[in-house]
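Grab a pencil and work through these short exercises with the model open beside you. Each one comes with a worked solution.

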Amino acid sequence: MRDTSSGHRTSLNEEQPQTTGAQVCEGCKAAAFPLRGMRLRFCVEKVTNRIVVETLNFPNGRSARAVRVPGDADATAILSTLALGSP
Amino acid sequence: MSEDEINHIRPLFVDGLARLAAREHIAILDGGTNSGVMALTGEGVARYGLTVPLIGVCPVAKVSWPGNPNPYAEAELEPNHSHFVLTGGQEFGAESQTIYAMAEALSKQMPSVALVVNGGQITYDEALRNVEQGRELIVFKGSGRAADAIATAWEKSQTDNPCVAEIVRRGQIVLFDVAEGPEELATLIRQRLWRNTR
C-alpha cells in the first residue's frame with residue numbers, strides 16, 4: 001500500500017476474483033483501472049506510474065477523460081492510459 | 001492577454017486552427033485552461049467539432065472544474081477539451097515537463113509544429129523545449145510579449161534576452177503576422193506539418 005497523489009491509499013487485494021476494466025474508487029468515486037486480476041478499492045496506482053483516471057463532466061454537456069499524474073510520470077503510460085495510443 | 005488582444009486573434013484560432021484541426025484530424029496539445037488561446041481553441045472546437053483529441057495539460061493545484069472547487073485555482077478547465085492531464089506542482093509551469101514528454105512521444109508517430117502566441121517566461125522556456133526537440137516554431141508576430149520578442153530577435157538577429165537568443169540561434173522559426181487571416185494560418189500550418197511527409 002502506498003499513498004497516491006489523490007490522497008487515497010492504494011489497496012489492491014490479490015485475493016479478490018479476477019476483474020478487468022474500469023472500476024470506481026471507494027473514496028473519490030473516480031473511475032480507475034486496476035491491474036488485471038486485481039480488485040480496486042481506492043484510487044489506482046500502477047506499478048511504476050501513479051495515474052488516477054476520472055471523467056470530468058461540464059455544464060455544456062461535454063465530458064473529458066482526465067488523468068492525474070505525478071510530475072515524473074512516463075509519457076507513454078499517460079498516453080496509453082488516456083487511450084491515445086502507445087507510441 | 002487583454003480582451004482586445006483576444007478578440008483580435010479570435011478568428012485565427014476559431015476559424016483557422018480549430019477548423020483545420022477538425023478537417024485534417026490534427027491533435028492539439030495545450031495548457032487546457034479556459035483562458036487566452038486555449039479558450040479560443042475550445043470555442044472553435046465547439047463550432048467545428050472534434051475529430052481528434054484536444055488535450056490540456058495543467059497543474060491540478062491551480063485549476064478548478066465543476067464538482068471540484070479549488071480555493072487556490074487561478075483558472076477553470078476549458079470545457080471543450082476531450083482529455084486533460086492534471087500534473088503535480090503548485091505553480092503554472094510545473095506541467096511543462098509532462099507536456100513536452102507527451103509532445104516528444106507523440107511526435108515520434110506524427111509530424112508536429114508548435115505555435116507561439118503572446119506569453120511570458122514560461123513561453124520562452126517552452127519554446128526552447130520545442131527547439132530542443134527539433135520542432136518548428138510558428139511565431140505569431142504582433143500577438144505581444146514573448147512571441148513578439150522572439151519575432152523581433154529573429155528579424156533583427158539580435159536580442160538582450162539569453163533565452164530568446166538561444167531560441168533564435170538554434171530554432172527553426174517561421175513568422176506568422178496576426179494581421180493575416182485564418183485561411184493563411186491554416187495554409188501555413190498545413191504546409192509546415194506535411195512538408196516532410198507528403
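**Exercise 1.** Among contacts in chain A between residues at least 6 apart in sequence, work out what share joins residues at least 24 apart.

*Solution.* Start with the pairs in chain A that are in contact and at least 6 apart in sequence; of these, 32% link residues at least 24 apart. Keep in mind that this is a predicted model. Next, list the elements of chain A: six strands and one helix. Reading from the N terminus, their order is β-β-β-β-β-β-α. Finally, check burial: 34% of the chain's 87 residues are buried.

**Exercise 2.** Find the residues that touch the most other members of the largest nonpolar core.

*Solution.* The core has 70 residues, and the ones to pick out are I78(A), M102(B), V116(B), V139(B) and I150(B). Then ask which element gives the largest share: helix α1 (residues 3–24) of chain B, with eight residues. Now zoom in on M102(B). Skip its neighbours within four places in sequence, and its contacts are A75(A), I78(A) and L79(A), plus L29(B) and V57(B).

**Exercise 3.** Lay out the open three-strand sheet of chain B and place helix α5 on it.

*Solution.* First, the strand order is β6-β7-β8, with parallel pairing. The edges are β6 (113–116) and β8 (173–177), each pairing on one side only. On average, neighbouring strands are turned by 25 degrees against each other, ignoring direction. Next, β7(B) (residues 136–141) pairs with β8(B) over five bridges, and F140(B) sits opposite F176(B). Last, helix α5 (residues 145–156) of chain B lies across β6, β7 and β8, at about 105 degrees to β7(B).

How values were computed: Residues are numbered from 1 along each chain as its sequence is written. Chains are lettered from A and ligands numbered from 1 in the order in which they are written. This is a predicted model: local features need pLDDT of at least 70, side-chain atom pairs count only at pLDDT 80 or more; totals for chains, interfaces and linings use all residues. A nonpolar core is a set of buried Ala, Val, Leu, Ile, Met, Phe, Trp, Tyr and Cys residues joined through C-beta atoms within 7 Å. A residue is buried if 20 or more other C-beta atoms lie within 10 Å of its own, exposed if 12 or fewer, and partly exposed in between; C-beta atoms are placed from the backbone. Helices (H or I, at least four residues) and strands (E, at least two) are DSSP runs, numbered from the N terminus. Two residues are in contact if their C-beta atoms, placed from the backbone, lie within 7 Å. Two strands pair if DSSP finds at least two bridges between them. Axes are lines fitted to C-alpha atoms, for helices over the stretch in contact, and angles run from 0 to 180 degrees between N-to-C directions.
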